[in-house]
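Ready for some practice in reading a protein model? Work through each exercise by eye before you look at its solution.

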Amino acid sequence: MAPRTKILLTGATGYIGGSILNRFLARPDFQSSFDIRVLVRSPEKAPKFDALGFKSIVGSHTDEEVMIQAVSEVDIVVGVTDCDSIPAAELTIKGLKKHFEETGKQAFFIQTSGAGVYLQLTDKMSETDVIYDDANPDQIETLAPTQPHRNVDLKILDAEKEGFFKSCIVLPTLVYGVATGPLFDSGLSNSHSLLIPLISRAALERRRAGMIGQGKNVCPIVEIHEVADFYIILIEKCIKSPDAVPHGREGIYNLENGNCTYYDLAEAIGKALVALGRGDNSTPLTFTPEEEKKYFGAYAPLFGADCRCIATRARSFGWDPKMTTADLLGGVQKEIEILIKTGKA
Ligand SMILES: NC(=O)c1ccc[n+]([C@@H]2O[C@H](COP(=O)([O-])OP(=O)(O)OC[C@H]3O[C@@H](n4cnc5c(N)ncnc54)[C@H](OP(=O)(O)O)[C@@H]3O)[C@@H](O)[C@H]2O)c1
C-alpha cells in the first residue's frame, strides 16, 4: 500500500481552509490515503478536529518551534491563514528547509494569497487597464512589490529559487457563498467570506445599500465550493505527478469565474434589504467619506479599486467552475438572511 500523503493545513477553522478539509472528509480514501495535520489556535476546537480524523496541532502560525517542526514533517503545506503574514511565510520556509535537509525531498508549499495583488487603485475602468493572466509570468512580474500581499508572495518566490521546496501560490478573487459541510454545520469553521458580509452589515445599519464612488469598479469572483475543488485538484497533481506541477514563477493560480461590479453587488444587497423589510429604497447610495471610514477603515480604498485577472492556468488543470455572477447576485439575499438569523449581521 502506498504511504499516506502527509499534509499540513493552516487555517482549518477558516472559510477557505474549512472548505478544503470538508472535501477531504467526503472522500472514501480520506483515512487510507491522507495524513492531514491541522494547525488550530483554539485548544477547545483542536480535539474536535481529531475526532473527525485530522491530527490537530495547537498553535499560531507565528509560533516558531511549532511551525518549523510541523512543516518539516509533511509532503505538502497548505497555508490558508493570513496572506499578509511575513512571519508565517518565513517560518514555513524554515520548516521546508528542514524537511529538505532531513529527507532530501522538495515538499510543496501551496500558499493562499489573494487577487488583491492585482488591484488597480483607480475609480473606474479605462481602456488601458490590464487583465492579469496567471499563465503569463512575465506579466505577473511587472506587479509592484508594494501591491497588497505581494511582499509575502515575493518572499516565497525568492526562497523557492534556492531549490529546497516548490511553491504554488493560489490567488482567490472575491470568494462568495455560504460554505456548507460538517465543519461548518458543527461551528468548527467560519462559513462566511469577508466582503459580502462586511458590505451587507454596513447596508443593514444604514438601511440602504452602498458602494464606494459610483461602484463602477470590477471585481473577479469565485464560489467557495469551487475554490475548494481547485485545491483538491492541485493537491492531487502534487501527489500523482509532482514533476508536472508548474511552480515558482510559473506556479501562480488565479481563481475566478466571471466578474461583478460593486454597483451590481450593492443593488442586489439593496433589493434584499427591501425584500427583508430592512430598507425602504433598493437603489444604492454612495458611502460618504465618514461612512467609508466607519464601515471599512483601511480597506475602503481597496473596495473602490478595479481588480482584473483570469484563471488560465487553473483551468488548464481541468478546474471547471460553473457558478457565475448570476449565482453570486442571486445568493445575496439568502446570505443576508443567514447572517441575521445567526446573529452575525
Ligand atoms: N475569503 C475571500 O474572499 C478571500 C479572497 C482572497 C484571498 N483570501 C485570503 O485567504 C486567506 C483565508 O481567508 P478566509 O476567508 O478563509 O479567512 P477566515 O475565514 O477569516 O480564516 C482565517 C483562518 O486563519 C486562521 N488564523 C489567523 N491568524 C492565525 C494565526 N496567527 N495562527 C494560526 N491560524 C491563524 C484563523 O484561525 P482562528 O479561527 O483561530 O481565528 C482561521 O482559521 C486570507 O489570507 C485571506 O486574505 C480570502
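**Exercise 1.** Count the helices and strands in the protein.

Solution. This is a predicted model. Going along the protein, you should find 15 helices and 14 strands.

**Exercise 2.** Compare the radius of gyration of the protein with that of a compact globule.

Solution. Begin with the chain length, which is 345 residues. A compact globule with that many residues would have a radius of gyration near 20 Å. The protein has 20 Å, so the two agree. For the extents along the principal axes, the C-alpha atoms fill a box of roughly 65 × 45 × 35 Å.

**Exercise 3.** Find where the ligand sits and describe the residues around it.

Solution. First locate the largest pocket: the ligand sits there. Next, look at the shell, where 22 residues surround the ligand. Thr13, Arg41, His61, Cys83 and Asn190 come nearest. Finally, sort the shell by type: 8 residues are nonpolar, 12 polar and 2 charged.

**Exercise 4.** Work out which N or O atoms of Ser60, Thr81 and Val175 lie within 3.5 Å of a ligand atom.

Solution. Start with Ser60: an N or O atom in its side chain is 3.1 Å from a nitrogen atom of the ligand. Thr81 uses a backbone N or O atom, 3.4 Å from a ligand oxygen. Val175 also has a backbone N or O atom by a ligand oxygen, at 3.1 Å. As a last step, consider cover: on its own the ligand has 900 Å² of accessible area, and the protein covers 75% of that.

Technical notes. Residues numbered from 1 in each chain as written. Predicted model: local features only at pLDDT ≥ 70, side-chain atom pairs only at ≥ 80, totals over all residues. Heavy atoms only, no water. Near = heavy atom within 4 Å. Polar contact = N/O pair within 3.5 Å; in protein donor to acceptor, adjacent residues only side chain to side chain. Areas by Shrake-Rupley, 256 points an atom, 1.4 Å probe, with all protein chains shown as cover. 1 Å grid on protein atoms, 1.4 Å probe; cavity = no way out; pocket = protein on both sides within 12 Å on 5 of 7 lines; lining within 4 Å. Sits in = over half its atoms within 2 Å of the grid points. Nonpolar A, V, L, I, M, F, W, Y, C, P; charged D, E, K, R; others polar. Helix = DSSP H or I, 4+ residues; strand = E, 2+ residues; numbered from the N terminus. Rg over C-alpha atoms; globule rule 2.2 N^0.38 Å.
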